[in-house]
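Visitor: I'd like to learn how to read pockets and a ligand site in a model like this one. Can we go through it together?

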Amino acid sequence: MPKPIIELRHVNKYYSTSAPGSFFSRQQAKARVQALDNINLEIYPGEIFVIVGLSGSGKSTLLRTLNHLIPPEEGDVFFEQQSLTSLTPARLIALRRQHIGMVFQSFALFDERTVLDNVAFGLEVAGVEKAERHQRARLMLEKVGLAAVADQHPHQLSGGMQQRVGLARALVVNPSVLLMDEAFSALDPIIRREMQSLLLNLQAEHQRTVVFVTHDMEEALRLGSRIAIMEKGQLVQVGSPEALINAPATPYVRHFFAGVDVSRWQLAENYADVWPTH
Ligand SMILES: Nc1ncnc2c1ncn2[C@@H]1O[C@H](COP(=O)(O)OP(=O)(O)OP(=O)(O)O)[C@@H](O)[C@H]1O
Ligand SMILES: [Mg+2]
């Protein structure tokens, strides 16, 4: 069994729900929501680990604790067996830049820069000199099928193309982990499937660890090596698509598969319910 690349132990995260300085702030001072409730988790090198849950269940918070963009109040996050709490702020920033890429739903590109310079940005921050960063950015743009628009600006591109730029920008520094928060959710269904295929193709070429947040179970099933189901800050079930489909831990887990074609993953004995043999 390989060692986990990321490990969470007893992670709790709370948000204060009172706006600071508001009229009611004294009464509300103790009001807080627990966004993460005792999360224990191991993510292994090379897997696409998908996090699914209803809105507000804590998916984005969990994703952001993995690189301490949101540091948890309690518990520990380990990257390659090293506790992130033990890192100095400078080492934490270096770890994020070199090893943990992020792709967001809102593409977060720089419109004043060309597509090429957007992709080269991470290398620029890392101090890579111009000729090399442009060469690496061009190679990455070829991989995501955007070589022809390198000199355009993001607003000239469609949403799907912009998200390819976002993906290329995250991948160009060659991170070992890629965190993706609803990265394809804003795209129309056909483009969304194309992006899923692109991610799977890139993954076949170069196995990274991908942690992928989505609302959409079809997307989760298409991409995920394992799927984690979140409810109210807790991990209700973590397992392979087969395990979740054939043995859902709770009705909440089953609810996510309603209306989704799961026949590919069903165990043979379950077919009896679907197609009676007599
Ligand atoms: N900055 C914040 N301040 C206060 N509460 C927050 C903050 N961010 C998130 N929350 C609360 O924490 C809980 C988890 O939020 P989170 O954004 O992680 O959920 P999510 O599963 O990503 O939701 P969505 O699917 O809508 O993106 C929710 O109750 C949310 O309202
Ligand atoms: Mg979210």
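Guide: Sure, and keep in mind that this is a predicted model. Let's begin with the second largest pocket, whose volume is about 230 Å³. Its lining counts 14 residues, and Arg193, Glu218, Glu219, Leu221 and Arg222 are the closest to the centre.

Visitor: Which helices each supply at least two residues of the lining there?

Guide: Helix H7 (189–205) and helix H8 (217–223) both do.

Visitor: And how do the residues of that lining divide by class?

Guide: For chemical character, go by the class counts. Eight residues of the second largest pocket's lining are charged, four are nonpolar and two are polar.

Visitor: Okay, now the largest pocket. How much space lies in it?

Guide: About 480 Å³. Lining it are 18 residues, with Arg96, Arg97, Ile100, Met102 and Phe121 nearest the centre. Two or more lining residues come from each of helix H3 (89–99), strand S6 (100–104), helix H4 (115–125) and helix H6 (159–171).

Visitor: Which element gives the most to that lining?

Guide: That's S6, with four residues. As for class, this lining has eleven nonpolar residues, along with four polar and three charged ones.

Visitor: Let's move to the ligand. Which residues are around ligand 1?

Guide: To read a ligand site, start with the shell, then look at individual atom pairs. Around ligand 1 you'll find Tyr15, Ser16, Ala35 and His215, plus a run with Leu54, Ser55, Gly56, Ser57, Gly58, Lys59, Ser60 and Thr61. By class, the shell has eight polar residues, three nonpolar and one charged.

Visitor: What about the atom pairs? Where do oxygen atoms of ligand 1 lie relative to serine 55, serine 57 and serine 60?

Guide: Check whether each partner atom belongs to a side chain or the backbone. For serine 55, a polar side-chain atom is 2.5 Å from an oxygen of the ligand. Serine 60 also uses its side chain, with an N or O atom 2.9 Å from a ligand oxygen. With serine 57 the partner is a polar backbone atom, 3.2 Å from an oxygen atom of ligand 1.

Visitor: How much of ligand 1's accessible area does the protein cover?

Guide: On its own, ligand 1 has 630 Å² of accessible area, and the protein covers 60% of that. Strand S1 (6–16) and helix H2 (59–65) are the elements giving two or more residues to the shell. H2 has the largest share, three residues.

Methods. Residues are numbered from 1 along each chain as its sequence is written. Chains are lettered from A and ligands numbered from 1 in the order in which they are written. This is a predicted model: local features need pLDDT of at least 70, side-chain atom pairs count only at pLDDT 80 or more; totals for chains, interfaces and linings use all residues. Side-chain values use heavy atoms; hydrogens and water are left out. On a 1 Å grid over the protein atoms alone, a cavity is a set of points where a 1.4 Å probe fits but cannot get out, and a pocket is an open set with protein on both sides within 12 Å along at least five of seven lines; lining residues have an atom within 4 Å of a point. Grid points are joined across faces, edges and corners, and a volume is the space filled by probe spheres set on the points. Ala, Val, Leu, Ile, Met, Phe, Trp, Tyr, Cys and Pro count as nonpolar, Asp, Glu, Lys and Arg as charged, and the others, Gly among them, as polar. A residue is near a molecule or strand if one of its heavy atoms lies within 4 Å of it. A polar contact is a pair of N or O atoms within 3.5 Å; within protein, one must be able to donate a hydrogen and the other to accept it, and residues adjacent in sequence count only if both atoms are side-chain atoms. Accessible areas come from the Shrake-Rupley method with a 1.4 Å probe; for residues, only the protein chains shown count as cover.
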